[in-house]
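Work through these exercises with the structure open beside you. Try each task before you read its solution.

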Amino acid sequence: MSNLMEIENVSKIYGPLKALSGVTLSVPQGQWLAVMGPSGSGKSTLMNIIGCLDTPSSGEVFLDGVRLSELSPGELTAIRREAVGLIFQQFHLISHLTALENVMAAQFYHSMVDEREASEALEGVGLAERAGHLPSQLSGGEQQRVCIARALINHPKLILADEPTGNLDELNEKLVMDILHKLHREGATIVVVTHAPEVAAHAGRVIVLEHGRLVSDSVGEAPSGGAGEGEGEGADDPKADFSEADGEAAVLNRPGEEGLEKNTDFSPEEIRARS
Amino acid sequence: MIRSNRAFLARMLLSSLLRRRSRLLVALLGVALGAAVLLGLVTLCYDIPRQMSREFRSYGANMVFVKKGGAGRLQAEDLRKVEAALSKDAVVGLSPFRYESVRSRMLPYTAVGAVFADAQKTSPYWRINGEYPRNDSEILIGEDVSAATGLGVGSPMPIDGRNSSAERYEREMTISGVVATGGVEDGFVFMNLSAMEDMTGETGALDLIEGSLALGGEDLAAAAADLRAALPEIDARLVARVTSPEERVLSKLAALVYLVTAVVLSLTMICVATTMMTVVIERRREIGLKKALGAGAGRVAGEFLAEGLILGVAGGLLGSLGGLIFARLVSQSVFGRPLDWEFHLVPLTILVSALVTVLASLIPVSRAAEAEPALVLRGE
Ligand SMILES: Nc1ncnc2c1ncn2[C@@H]1O[C@H](COP(=O)(O)OP(=O)(O)O)[C@@H](O)[C@H]1O
Ligand SMILES: [Mg+2]
C-alpha cells in the first residue's frame, strides 16, 4: 500500500504557542483516519496543513509523493483544487448562492461547471429537492450535506473533514457517516477530526493529539459498510472496532518520543477521557 | 441550465449583488451621488461660460464702431446697418454717441450726446447720483465736473458753443444727475442726443457706436471681422477693457469647478474604498472558502473587482441621470434658463465612476485576496 500522505516532524508555531510540535504520520492510500484530542490540541492546524490551506513552520509534508514545501502558493492552490475535498464543522457555504450553485462553485474553481453532475451530487446526498434553496433556507444537516456534495464533486483522492458532525443531530450524523462510508468504499482516503468516539469508531485508525503532540496511534478494524450496518459483525459495538489492532497497518510514529503511547488496545472510553 | 464557466461567473456575480441588496444599495448610492455631482459640475462648467458671458456683457461694451480711417462721422443709418448685420440673439445693446466741444460759464467741456436707454444697456456700470436726463433740458455731469464746479443735482448749468457753420448757440440746462464711472466719463457732460442735435442744428451725425454683444473670445473676433467685411466704411473694434476681466473670472471659476470635482472624486473614492473594505471584511469567509475550493488570489480579486465594476457602471448610469437633472435645476434657478442636455457626457461619467470604483476597490480587495484561507476558516 503506497502512502498518500507523509508528514515528517511537522511543527506549527504561533508566537509563543506550539500548535503542532514534531508530528510525524503517514497515511496510506484508502485509509480512514480519525484525529481526536481535546480542543486546542492542534487538530484543525494539522488538517489545514494537510489540506494545503496552511504551511508548517518546520517539517515536511508529502502529498502523493510531492514535497509541499517546494511548491509556490499557486501550486499549493492547484494541489488543493485537484486532490483535496474539504468538509468543515461550520458548513462554510457561500450565502448568496443556492445549494446547487455552491456545488457548482467547486467545479468552477476546479475546471468546468457541469450542472447535471452537480445535481447528481446533490441527489447523492439526498438533497435533490433542495437544489434551488439558499443556505439560509437549509437546516444544519442539509447544509453539511451540501458541503459534502461540494467536497466530492471533483473526485478528490483525499477527503478532509474537520468535525463534520459537530453541529449535527443524530439523524444527520448518520447520513453524513453513511456518505463517508460510501466514499471510503470507492477508494477515497479520509481524515476526520472528531470529538465523538462514535464517529471515530467508523475509522480504521485513530490518532490522538495533545498540546500539538501525537500521543496515541491505534489501528482498529477496517471500517465496515456503514454506521449501524452489518449487525452481528461487531460493527455496532464500538469497542469491537478497536479491540484488535491490525498489526500490519499499525504505524507507530516517532517511537522513541516521550509521551507517545504505543496504544494498540484503544478503547472509546479512553478516547472519551482524553477529549 | 448553466453550461459554461462564463455563464456561471455572471450568475455568481449577479446573485452576489442582488441577494445582498441593502449593502449594494448603499454602495450604489455612494457611487451614484459622486457621479451625479461630477456630471452636474462638468455640465455647469460647460455651460457657465456661455451663461456668464451673457451676464458679464452687462459690464459694458465689448465692441465699438467708428468711421473707417477716422475721417468724417458715422451717420444714423450706419447704426441701423450695424444692427441689421449682427444676429439679434447676440446683441445686448447698441448705443450711439456724439461728441461736441461746448463751454459753460467760460470753461470748455466735452459734451456727449447719447440715447440713455441704450447707454444703460452698454454701460450699466455707471453709478448715477440723481437721474438720467428725462428731457432735452436736463443734463448729466461727470463726477470730476461736479467736483470742479461745485454743481450738483438740481443746479442750473448754461451751455454754449458754436455749430459747424460757426453760429453761436446757448441753452439753459438743469443737472438731473451726477455720473461716476472711474473712467473718462467723469470729465464729460451728457445730454440727450436729440437735445444736442437741436442745439447744434445738425442731425444724424454720430462719432461712436458702442456695442455690447453676448459673444465670447473667438466668436466676438469673428463677428467683428464679418462686420468689417460687410460694412467697409465702418471699423469694428474689440474693446479689451470688458472682455479680459471677464475671462479671468471665468478661468478662476473653471479652476474652482475643477477643484470641487477633484474633491468630489476623492470623496467618492474614499466612500467606495470604505464600503469595499466593509464588504471584504464581511465576506472574508467567502474569500477564504473560494481559496479553499482552489481559487487563486488573482481569481478571487478579479471577481471582487468585477463586482466593483458592475457597481461603478450601474452607479455611474444612475448618477448621470441625477447629475443632468441637478445641473438643469441649478441652471434654471441660478441663470433662469434651462440648460441643454449634455448626453454625450454620460458615457464619460460612467467610465470615470467605473474607474474610480475599481481603483478604490484595488487595495481592500488585493489585501483580502492575500488572506490565508486557514485563518478565515478556523473552526472556533
Ligand atoms: N492563526 C492562529 N494564530 C494564533 N494561534 C492559533 C492560530 N490558529 C490556531 N491557533 C492556536 O493553536 C492551537 C491549536 O488550534 P487548533 O488546531 O484550531 O485546535 P483544535 O482544532 O484541536 O481545537 C490553539 O491553541 C489555537 O488557539
Ligand atoms: Mg478545530
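## Exercise 1: Across the interface

Across the interface of chain B and chain A there is one salt bridge. The model is a predicted one.

**Task.** Which residues form this salt bridge, and how far apart are their closest N and O atoms?

**Solution.**
- Step 1. Find the partners. Arg11(B) pairs with Glu101(A).
- Step 2. Check the distance. The closest N and O atoms are 2.5 Å apart. The cut-off for a salt bridge is 4 Å, so the pair qualifies.
- Step 3. Place both residues. Glu101(A) sits in helix H3 (residues 99-110) of chain A, and Arg11(B) sits in helix H1 (residues 5-18) of chain B.
- Step 4. Look at exposure. Glu101(A) has a relative accessible area of 1%, so it is buried. Arg11(B) is partly exposed, at 39%.

## Exercise 2: The contact surface

**Task.** How many residues does each chain bring to the contact, and what is the area buried between chain B and chain A?

**Solution.**
- Step 1. Count the residues. Chain B gives 32 and chain A gives 28.
- Step 2. Read the area. About 2900 Å² is buried between chain B and chain A. Carbon and sulfur atoms give 61% of that area.
- Step 3. Find the main losers of area in chain B. Asn5(B), Phe8(B) and Leu293(B) lose the most to chain A. Together they make up 22% of what that side buries.
- Step 4. Count polar contacts. Ten residue pairs are in polar contact across the interface, both residues at pLDDT 80 or more.
- Step 5. Name the helices on the side of chain B that touches chain A. H1, helix H9 (284-292), helix H10 (297-335) and helix H12 (373-377) of chain B each supply at least two residues. The largest share, seven residues, comes from H1(B).
- Step 6. Sort this side of chain B by residue type. It has twelve nonpolar, seven polar and 13 charged residues.

## Exercise 3: Salt bridges within chain B

The whole structure holds 26 salt bridges over all chains.

**Task.** Which parts of chain B does the pair Glu100(B) and Arg73(B) tie together?

**Solution.**
- Step 1. Confirm the pair. The side chains of Glu100(B) and Arg73(B) meet in a salt bridge, 3.1 Å from N to O.
- Step 2. Place the residues. Glu100(B) lies in strand S3 (residues 91-104) of chain B. Arg73(B) lies in the loop between strand S1 (63-67) and strand S2 (74-75) of chain B.
- Step 3. Draw the conclusion. The two parts are 27 residues apart in sequence, so the salt bridge ties together separate stretches of the chain.
- Step 4. Compare accessibility. Glu100(B) is buried, at 15%. Arg73(B) is partly exposed, at 23%.
- Step 5. Widen the view. Salt bridges that share partners join Arg73(B), Arg98(B), Glu100(B), Glu202(B) and Asp207(B) into one network.
- Step 6. Look at another pair. Glu286(B) and Arg283(B) meet in a salt bridge at 2.9 Å, N to O. Both of these residues are buried.

## Exercise 4: Covered residues in chain A

**Task.** How many residues of helix H1 (residues 43-50) of chain A are buried? Is His184(A) buried or exposed?

**Solution.**
- Step 1. Take the helix. Eight of the eight residues of H1(A) are buried. Among them are Lys43(A), Leu46(A) and Ile50(A).
- Step 2. Move past its end. H1(A) is followed by Cys52(A), whose phi is positive, near 60°.
- Step 3. Turn to His184(A). This residue is in helix H6 (residues 170-185) of chain A. Its relative accessibility is 16%, so His184(A) counts as buried.
- Step 4. Find its contact. The side chain of His184(A) reaches the backbone oxygen of Gly30(A) at 2.7 Å.

## Exercise 5: Positive phi in loops

**Task.** Where are Glu163(A) and Ala166(B), and what is phi for Glu163(A) and for Ala166(B)?

**Solution.**
- Step 1. Start with Glu163(A). It lies in the loop between strand S7 (158-162) and H6 of chain A. Its phi is positive, about 45°, although it is not a glycine.
- Step 2. Check cover. Glu163(A) has 11% relative accessibility, so it counts as buried.
- Step 3. Go to Ala166(B). It lies in the loop between strand S7 (156-162) and strand S8 (168-180) of chain B. Phi of Ala166(B) is positive, near 65°.

## Exercise 6: Confidence

**Task.** Where in chain B is confidence lowest, and where is it highest?

**Solution.**
- Step 1. Take the average. Chain B has a mean pLDDT of 84, and 92% of its residues score at least 70.
- Step 2. Find the extremes. Confidence is lowest in H12(B), at a mean of 67, and highest in strand S9 (residues 188-192) of chain B, at 96.
- Step 3. Add the model scores. The ipTM is 0.73 and the pTM is 0.64.

Terms used: Residues are numbered from 1 along each chain as its sequence is written. Chains are lettered from A and ligands numbered from 1 in the order in which they are written. Side-chain values use heavy atoms; hydrogens and water are left out. Helices (H or I, at least four residues) and strands (E, at least two) are DSSP runs, numbered from the N terminus. Buried means under 20% relative accessible area, exposed over 50%, partly exposed in between (1.4 Å probe, protein chains only). Contact means heavy atoms within 4.5 Å. Buried area is the accessible area (1.4 Å probe) that two parts lose on being put together, summed over both. A polar contact is a pair of N or O atoms within 3.5 Å; within protein, one must be able to donate a hydrogen and the other to accept it, and residues adjacent in sequence count only if both atoms are side-chain atoms. Ala, Val, Leu, Ile, Met, Phe, Trp, Tyr, Cys and Pro count as nonpolar, Asp, Glu, Lys and Arg as charged, and the others, Gly among them, as polar. pLDDT is the predictor's confidence in each residue, from 0 to 100.
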